[in-house]
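Here's a walk through this assembly, chain by chain and then across the places where chains meet. Keep the 3D view open and follow along.

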Amino acid sequence: MPLVELRHLSKHFQRDSQVIAVFDDIDLDVPEGSFTALMGPSGSGKSTLLNLVAGLDRPTSGTVVVAGAEVSAMGPGALADWRARHVGFVFQSYNLLPVLTAAQNVELPLLLTRLSKAERREHVATALGVVGLADRAAHFPRQLSGGQEQRVAIARALVSDPTVVLLDEPTGQLDAHSAAEILELLQRLNREFHKTILMVTHDPHAAQAAGTVLHLDKGVLTA
Amino acid sequence: MKIPLVYNLRSALRRPVSSAMTALGVAFVVGVFIAMLALAHGFRMALVKTGSPDNVLVLRKGTDSELASGISRNEANIIAALPEIATGPDGQPLVSPEVFVPVSLEAAGGGGDRLVVARGVTAQAFAVRRTIRIVEGRRFAPGQDEVIIGTAIAPRLAHSAVGDSIRFGGRAWLVAGHFSAGGSVFESEVWGENEQLMPVLRGEFFQVVAFRLKSPGLFPEVRAALDQDPRLQVDAHRESEFYAAQSAALQTILSFLAVFITSIMAIGAIFGALNTMYAAVASRTGEIGVLLTLGFKPRSVMASFLAESVAIALVGGLVGCLVAIPINGVVTSTTNWSSFSMLAFHFLVTPGILAAGLLFAAVMGLVGGYFPARRASRMPVVQALR
Amino acid sequence: MKYFPLVWANLTRHKRRTVLTTLSVALALFLFASLRSVVTTLRASADVGSETRMVVQSAKGIVFFLPQSYRERLQAVPGVRAVTWADWFGGVYQDPKNFFAQFAVDPESYLDVYRGDMSLPADQRAAFIQERTACVVGRSLMEKFGWHLGQTITLQGTIFTGDWPLTIRGVYRSLQPSFPEDALLLHYDYAYERNRTWMEPGWYVLELSDPGLAPQVAAAIDRMFKNSSDPTKTGTEQAFNTSFVTMWGNVSFLMDTIGMAVVFAILLVAANSMMLSARERTNEVGVLKTVGFGDRLLFGLVMAEAGTIAASGAILGLGAAKALFHAIHFTAMGFLPGFDVTAGTLALGVGIAALLAAASGLVPAAAAARLSPVQALRHVE
C-alpha cells in the first residue's frame with residue numbers, strides 16, 4: 001500500500017477573470033519508506049503539489065490519500081489536527097520563530113500533544129541529537145548559521161514522529177557545504193529511521209540524494 | 001493557550017519602541033482615569049465620613065441645607081426634650097444646637113476672600129460629633145472671642161496659625177487651636193462658641209440642632225414625632241444620609257467628566273494599539289504560516305495575538321497606576337454648593353480604583369487587539385507562507 | 001506640489017493605519033478644545049459684566065443681608081447713576097433637580113440697570129412691573145420647561161418658606177452671549193410681604209455714570225459703612241462674577257493638566273504610526289535615492305506625510321468641537337453659559353497639531369534622509 005496516493009489530482013487558480021491550470025489529472029503513488037525528489041522548472045506547480053499532500057491547500061478536483069486518510073476531504077479543523085500528527089514540513093527559508101530558542105522551536109509541534117513537560121523535553125533532546133545540534137539547544141536562530149537553522153527546522157519536522165516528511169526546496173538558501181550536510185542528514189533519516197520523504201527541489205544535485213526522482217513540467221508528471 | 005506566551009512577549013519586545021509607545025498611550029489614559037476617580041472618591045468620602053447613622057440633624061421644615069435653615073431657641077429646647085436622645089457620661093442629653101454661617105475670610109497667599117463655614121457650637125457638640133480632636137493648641141475658651149480651625153482649611157487661610165487672629169463679622173477672633181475630624185467636612189470649618197457667634201452673625205436663630213439617638217433604629221419615630229409636633233416647623237434628617245446627598249451633584253459632574261474624558265482618550269489609545277498589532281501581524285505572516293502548518297488551530301493563533309495585545313496594554317496600565325498613586329492624599333478644594341462654602345478634601349486612591357484602572361487597560365488591549373488577532377487567525381496558510 | 005501624489009500614495013498604502021491615526025489626532029484635538037473651552041468660558045463669564053456696574057455685598061459674607069436703608073445712601077454717592085437690589089430666592093420648581101436661578105428684585109430699577117443685557121418688550125415690561133405676583137423668565141428657561149406667557153407656575157420656597165404662585169408676564173432675551181438666559185425674576189415686595197421681620201436686600205447693584213470712577217466709588221462706599229454693623233464689600237460686577245468662578249477650585253489647572261496628558265498620549269500614537277510606516281518603506285527609500293531623489297527631498301516627503309495626517313486630524317477634531325457645541329447649545333446645564341470654542345483655542349489647537357506633525361515625523365524623516373541606498377536595498381524586513 002503506498003503511503004501517499006494522488007488520484008486524478010487537479011489544481012486551478014483564479015487570477016482576476018482568468019483561470020490558470022497548474023496541473024490536471026495527476027496520479028502518483030509514494031511508497032512507504034521511500035525518498036522521492038520532485039523536480040521541475042519554477043512555476044511548474046511542484047510546491048503546490050506538496051502543499052496539497054500536506055493538507056495546506058485543497059485540490060480543485062481529485063483525491064489525496066495519506067496513510068489511508070483522505071486528506072482532500074477533511075475540514076480545516078481536522079486538517080490542522082491531522083497535520084500536527086502526520087506531517088513534518090521543512091521550508092526553504094527555515095521559518096524558525098526568531099524569538100524562540102532552537103529547543104523551543106523544536107518543541108512547538110509537541111505543544112499540540114498531551115505529553116508532559118518532561119516528556120516533551122526528552123523528545124526535543126532526541127530530535128536535536130539526531131540532527132547533531134544538541135549543543136545549540138539554547139541558541140536563538142540569529143545565533144545559528146543557515147545550515148544549522150535548517151537542521152533545527154528538520155528537527156522540528158521530526159520531533160512528533162510524523163508519517164511523512166515534506167520538504168520545499170530545503171537547500172535553496174544554503175551554500176554547497178551546508179546543502180551537502182542537509183542532504184546527508186535526509187538520507188540518514190530515510191535509511192536508519194525509515195522516514196518517508198518527499199522533497200521538492202530544482203537543484204539536480206539535491207535530487208541525486210533521493211532514491212526516486214520525478215519531474216513535473218507543464219502539468220505532466222513523469223518519472 | 002497552546003501557543004506559548006513567551007513567543008508573544010518576546011515578539012512584543014522585538015519591536016520595543018512600537019510596543020512601548022502603545023503601552024505608554026494606555027498608561028496615560030489609565031493615569032487620568034485613576035486621577036479623576038480618586039478626585040470624585042475623595043470628595044465623596046469627605047462627605048460620607050461626616051455623618052453617622054445614629055446622629056440626627058434637625059433643620060427648618062422645607063430646607064435641605066443648613067444654610068437656609070432657622071430654628072428658634074424655643075424650638076431648640078422642645079427638640080432637646082425628646083426621650084429618644086442619648087445621654088452622655090455626665091448625664092446631659094447629647095444635643096448640640098448650632099449656628100451655621102458661611103463667612104468671608106482672607107485666603108492665604110493674597111488670593112482674595114473665600115467663604116468658609118463658621119459653626120457656633122456648645123461643649124456638647126464635641127460629644128455629639130464624635131470625631132473632633134484638637135491637634136494643636138486648645139479648645140476655645142467660653143465667653144471669649146476665640147475660635148478653632150479645621151486642619152483641612154487652616155493652610156488655605158491667612159492668619160490661621162494657632163495664636164494668630166482672624167477677622168470676620170467685624171471682629172477679631174483668636175485662633176486658639178486646630179482640630180481634625182476624621183477626614184470629614186468639619187475639617188473645612190471654623191468653630192466658635194454659639195453665644196459668641198450668634199450676636200455677630202445672624203441673630204437669635206440656630207441653623208441646626210444635632211443630637212445622638214439612643215439607637216439608630218429610633219430614627220423613624222423621632223422623625224414622626226418632630227413632624228407632628230404643632231409647636232415645631234422642622235424636619236429631621238439622618239446625619240449620614242444628609243451629607244451623602246450633598247455630594248450627589250458634584251459627584252455626577254465629576255463622574256461625567258471622568259467618563260467623557262477617559263472614553264475619548266481610550267479610543268485614541270485603542271487606535272494606537274490597533275496600528276501596532278496590525279503591523280505586528282503583517283510583519284509576522286511567515287511565523288503565522290508556520291504555526292498553522294504545524295497544526296496550531298486558527299483560534300490558538302487568535303488567542304495568542306490577543307494575549308500579546310493585552311500584555312502590552314497591561315504593562316501600560318501598570319505604569320499608569322504607578323504614576324497616579326502619588327496623587328493619593330494631595331489636598332484640593334472646591335465649593336460645596338449646598339453650604340456655598342469651601343470644602344477641602346484629598347484625592348483618594350483605593351485598591352479598587354487601581355484594579356479598575358488595570359481592568360480598563362486590559363479591555364483596551366482586548367479591543368485594540370481583536371481585529372488584528374482575528375486577521376492573523378484567518379490568514380490562509382498558503383498565502384502566509386509565501 | 002508636484003510630489004503630492006507620492007505623499008498621497010504613501011498615505012493610502014495603508015488606508016486603515018492612516019485613518020486610525022488621523023482619527024486619533026482628531027479625537028485628541030476635540031478633547032483638547034473641549035477642555036480648554038471650559039476654562040475660556042469660565043473666564044469669559046467672569047469678564048461679563050458691564051464696566052459700568054458694581055456690586056455691593058455684605059463684607060461678612062454673601063449670605064448676609066444689607067439694610068434697606070442703604071439704598072438712598074448709595075444713590076447719593078457721587079458717580080452713582082442708578083441703584084437696584086436683589087435677593088437670591090432659591091425656590092424649587094417641582095423637583096430640586098430642576099435647578100435655575102431666581103432673583104427677588106425691585107422690578108423697575110433692576111430692569112433699568114440691566115437694560116443693556118436683557119431685552120424685554122415694552123408691554124411685557126409694564127405687565128411685570130404692575131403685577132406683584134408676576135415674574136419674568138429667560139427665553140431658554142421658557143423653552144426648557146415649555147411654559148407659555150400668562151401661565152402660573154408655583155415655586156416651593158426654601159429660604160422663603162411656603163408656596164409661591166407666579167404668573168409669567170414676560171420673556172427676556174439676553175443681549176450678551178455670556179449673560180444667562182435661564183433666570184427668573186420676581187417682585188422683592190412679594191417675598192417681603194410674608195417675611196417682613198427679617199428680609200432685606202442680599203446685594204445692591206449700582207450703575208456708574210462713568211466706569212473710570214469705579215475705584216473711587218468702591219472705596220467711598222466701603223469706607224462709609226466700615227464701622228457700622230453691616231460693613232460692605234464693593235467691587236466691579238466682573239470681580240463679583242469672578243469670585244464665583246474661583247469657587248470651582250483650580251479648574252484651569254485640572255483642565256490644562258488633563259489636556260497635556262491627552263496631547264502626549266496621542267503624540268505617541270501618531271509617532272508610532274509614522275515609525276511603523278517608515279520601517280516598512282526602507283527598500284523604497286533606497287530605490288528613490290538610486291533614481292536620484294535627494295536626502296532633503298526625502299526628509300520633506302516624510303514630514304509632508306506627518307503634516308497631512310496632523311492637518312486632517314486638526315480640521316476634523318477642532319471643526320467637530322466648534323460645530324458640535326454650537327449646534328447643541330451646550331451650557332453644561334447652565335453652569336457654563338455662552339460655551340464656545342474661541343478662535344484662541346482653535347489657534348492653540350492648530351499649534352499643537354503642528355507640534356504633533358513635527359515630533360512624530362522628525363525621527364523617521366531624519367532616518368530616511370540619512371539612509372544609504374545600498375543599505376536600504378539590501379534590507380529585508
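Of the 386 residues in chain B, 55% are buried. Keep in mind that this is a predicted model. Chain B is built from 12 helices and 14 strands. Its C-alpha trace spans about 95 × 50 × 35 Å along the principal axes. The radius of gyration of chain B is 29 Å, whereas a compact globule of 386 residues would come in near 21 Å. Sequence-distant pairs matter a lot in the contact count: looking at contacts in chain B with a separation of 6 or more, 82% are between residues 24 or more positions apart.

For a close-up, pick B:Val222, which sits in helix H6 (residues 219–228) of chain B. Is B:Val222 buried or exposed? It has 21 C-beta neighbours inside 10 Å, so B:Val222 counts as buried; the cut-off for that is 20 or more. Setting aside neighbours within four places in sequence, the contacts of B:Val222 are B:Val56, B:Leu82, B:Glu84, B:Leu213 and B:Ala236. B:Ala68, on the other hand, is 22 Å from B:Val222, C-alpha to C-alpha, with their positions 154 residues apart in sequence.

Now for the nonpolar interior. The largest nonpolar core has 301 residues, and those with the most contacts inside it are B:Ile34, B:Val58, C:Val25 and C:Leu29. Helix H2 of chain B gives the most to this core, with 20 residues. As a general point, nonpolar side chains tend to be buried together in soluble globular proteins. To see what surrounds one of those core residues, go to C:Val25: apart from neighbours within four places in sequence, its contacts include C:Ile266, C:Ala270, C:Ile309 and C:Leu356.

Next, the places where chains touch. The table gives the residue counts for two of them.

| Pair | Residues on one side | Residues on the other side |
|---|---|---|
| Chains A and B | 18 residues of chain A | 17 residues of chain B |
| Chains B and C | 41 residues of chain B | 39 residues of chain C |

Start with the side of chain B that touches chain C. Helix H2 (16–48), strand S3 (95–106), helix H8 (248–283) and strand S13 (331–336) of chain B each supply at least two of its residues. Which of the elements gives the most? That's H8(B), with 14 residues. By class, this side of chain B has 23 nonpolar and 18 polar residues, and no charged ones.

Over on chain A, 18 residues are in contact with chain B. Helix H2 (residues 76–86) of chain A gives the most to that side, with five residues. The side of chain A that touches chain B splits into 12 nonpolar, three polar and three charged residues.

Finally, the fold of chain A itself. Four of its strands make an open, antiparallel sheet in the order S2-S1-S4-S5. Strands S2 (18–30) and S5 (69–70) of chain A are at the edges with a single partner strand each, so one side of each has no neighbour in the sheet. Two bridges link S4 (residues 61–66) of chain A to S5(A), running antiparallel. In S5(A), A:Ala69 is the bridge partner of A:Val66. Helix H1 (residues 46–54) of chain A lies across strands S1 (4–15), S2 and S4 of chain A, and it runs at about 120° to S1(A).

Note on methods: Residues are numbered from 1 along each chain as its sequence is written. Chains are lettered from A and ligands numbered from 1 in the order in which they are written. This is a predicted model: local features need pLDDT of at least 70, side-chain atom pairs count only at pLDDT 80 or more; totals for chains, interfaces and linings use all residues. Two residues are in contact if their C-beta atoms, placed from the backbone, lie within 7 Å. Ala, Val, Leu, Ile, Met, Phe, Trp, Tyr, Cys and Pro count as nonpolar, Asp, Glu, Lys and Arg as charged, and the others, Gly among them, as polar. Two strands pair if DSSP finds at least two bridges between them. Axes are lines fitted to C-alpha atoms, for helices over the stretch in contact, and angles run from 0 to 180 degrees between N-to-C directions. A residue is buried if 20 or more other C-beta atoms lie within 10 Å of its own, exposed if 12 or fewer, and partly exposed in between; C-beta atoms are placed from the backbone. The radius of gyration is taken over C-alpha atoms; the globule rule is 2.2 Å times the number of residues to the power 0.38. A nonpolar core is a set of buried Ala, Val, Leu, Ile, Met, Phe, Trp, Tyr and Cys residues joined through C-beta atoms within 7 Å.
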